[in-house]
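Colleague: Hi, have you got a few minutes to walk me through this model?
Modeller: Sure, let me put it up for both of us.

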Amino acid sequence: MSKNDLCMTDMHCHILPGVDDGSHDMEESLDMLRIARKSGIDRMILTPHYKASHHNASPDTLRKRLALLRAEAKKVGINVELALGNEVLYFSDFLEAYYAGRILTLNGTDRLLTEFHPTADYMYVRNAMDELIGAGFIPVLAHLERVECLVSVPERVFELRDIGCEMQMNAADYMGAMGRRVRRFLQELLDKEAVDYLGTDAHDRKTRTPDVRKCLGDLYERYDDEYVRSIAYMNADLIFEHVSAEESNAD
Ligand SMILES: [Fe+2]
């Protein structure tokens, strides 16, 4: 299969208009989608923040906003596939909120994009992951490079992977947005093929954009082609091609 037959997926972005600190309005969302397409992205999982301390848009609101964005994108000829999830800042009552129907996994799968405060204590992260895995989720650790307890002790990443977590890195952080120490941390993990997904974590059309071109070029230069394709393209297929019960009922 040639590279052109594959679909590149952005696993993490804030492009849905007006629901979090990402895109402000439909125009900005459409511009962000154009940037993503230009950089080769075919599929995006839109992952608005869910934070216990904030007002969070309900799943119903997110679905309606997604339908609007899809319709507008189609109208202006932007050919990109979109799916929905949340980026959840882990909190102690997470399960209660999830079972109450307030939080979305990635495209209706068992995978949950899970974020921690940069200064979270490792035992807190580990216990949270144990809880999520015990409840049947596969946690995908959002921008793992922003969690200091992992950057300072990279072995912990392998421990978390061993218990069943998956790892998502931000393209911009790999390119140095968080400094050289963080880039080296990611390089060390990529050397050992310990990162599972690439995401843009795009928030706007100016500074935190969904442009992965430089990152992808750099990855292909340094790492095995097959591995780069797995994190930018193939690993997300399982999530993207999942059809939730809800969607199949709607058909
Ligand atoms: Fe994010």
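Modeller: What follows is a quick tour of this predicted model, from the whole chain down to single residues.

Colleague: Great. How many helices and strands does the chain have?

Modeller: The chain has 12 helices and 9 strands. Its radius of gyration is 17 Å, close to the 18 Å from the globule rule for 251 residues, so the chain is as compact as a globular protein of that length.

Colleague: And what does the C-alpha trace span along its principal axes?

Modeller: About 45 × 45 × 35 Å. Of the 251 residues, 39% are buried. As for contacts between residues at least 6 apart in sequence, 76% of them join residues at least 24 apart.

Colleague: Let's do sheets. What is the strand order in the open sheet of 3 strands?

Modeller: The order is 1-2-4, with parallel pairing. Strand 1 (9–13) and strand 4 (81–84) are the edges, each pairing on one side only. From one strand to the next, the twist averages 20°.

Colleague: Over how many bridges do strand 2 and strand 4 pair?

Modeller: Strand 2, residues 43–46, pairs with strand 4 over 4 bridges in the parallel sense. Met-44 has Leu-82 of strand 4 as its bridge partner. Helix 2 (residues 59–75) packs on this sheet and touches both strand 2 and strand 4. The direction of helix 2 makes about 175° with that of strand 4.

Colleague: Nice. Which residues touch the most other members of the largest nonpolar core?

Modeller: Ile-15, Met-44, Leu-46 and Leu-198, out of 63 residues in that core. So Met-44, the partner of Leu-82, turns up again here.

Colleague: What does Leu-198 touch, leaving out residues up to four places away in sequence?

Modeller: Leu-198 touches Met-11, Met-169, Ala-171, Val-212, Ile-231 and Ala-232.

Colleague: OK, now the open sheet of 6 strands. Which strands are at its edges?

Modeller: The order there is 3-5-6-7-8-9, with parallel pairing, and the edge strands are strand 3 (49–50) and strand 9 (197–199). Strand 3 runs parallel to strand 5 (residues 87–89) and is joined to it by 2 bridges. Tyr-50 stands opposite Val-88 of strand 5.

Colleague: What about strand 8, how many of its residues are buried?

Modeller: 5 of its 5 residues, 166–170, are buried. Glu-166, Gln-168 and Asn-170 point one way from the strand, while Met-167 and Met-169 point the other way. In a regular strand, side chains alternate between the two faces of the sheet.

Colleague: Which strands does strand 8 pair with?

Modeller: Strand 7 (residues 138–141) pairs with strand 8 in the parallel sense over 2 bridges, and Val-140 has Glu-166 as its bridge partner. Strand 8 also pairs with strand 9, again in the parallel sense, over 3 bridges. There, Gln-168 stands opposite Tyr-197.

Colleague: Switching to helices: which residues of helix 9 are buried?

Modeller: In helix 9 (residues 213–222), the buried ones are Cys-215, Leu-216 and Leu-219. They cover an arc of only 95° around the axis, which puts them on the same side of the helix.

Colleague: What do those buried residues pack against?

Modeller: Helix 7 (171–174) and helix 10 (225–232). On the other side of helix 9, Gly-217 and Glu-221 are exposed.

Colleague: I always check backbone angles. What is the phi of Asn-107?

Modeller: About 50°, so positive, although Asn-107 is not a glycine. Most residues other than glycine have a negative phi. Asn-107 is in the loop between helix 3 (94–99) and strand 6 (111–115).

Colleague: And Glu-193, where does that one lie?

Modeller: Glu-193 lies in the loop between helix 8 (180–191) and strand 9, and it has a positive phi of about 55°.

Colleague: How many other C-beta atoms lie within 10 Å of each?

Modeller: Asn-107 has 22 and is buried, whereas Glu-193 has 13 and is partly exposed.

Colleague: Last one: how far apart are Arg-126 and Cys-165 in space?

Modeller: They are 9.9 Å apart, C-alpha to C-alpha, and 39 residues apart in sequence. Arg-126 is in helix 4 (residues 122–134) and counts as partly exposed, with 16 C-beta neighbours inside 10 Å.

Colleague: Thanks, that helps a lot!

Definitions and conventions. Residues are numbered from 1 along each chain as its sequence is written. This is a predicted model: local features need pLDDT of at least 70, side-chain atom pairs count only at pLDDT 80 or more; totals for chains, interfaces and linings use all residues. A residue is buried if 20 or more other C-beta atoms lie within 10 Å of its own, exposed if 12 or fewer, and partly exposed in between; C-beta atoms are placed from the backbone. The arc is that of the directions from the helix axis to the C-beta atoms. Two residues are in contact if their C-beta atoms, placed from the backbone, lie within 7 Å. The radius of gyration is taken over C-alpha atoms; the globule rule is 2.2 Å times the number of residues to the power 0.38. Two strands pair if DSSP finds at least two bridges between them. Axes are lines fitted to C-alpha atoms, for helices over the stretch in contact, and angles run from 0 to 180 degrees between N-to-C directions. A nonpolar core is a set of buried Ala, Val, Leu, Ile, Met, Phe, Trp, Tyr and Cys residues joined through C-beta atoms within 7 Å.
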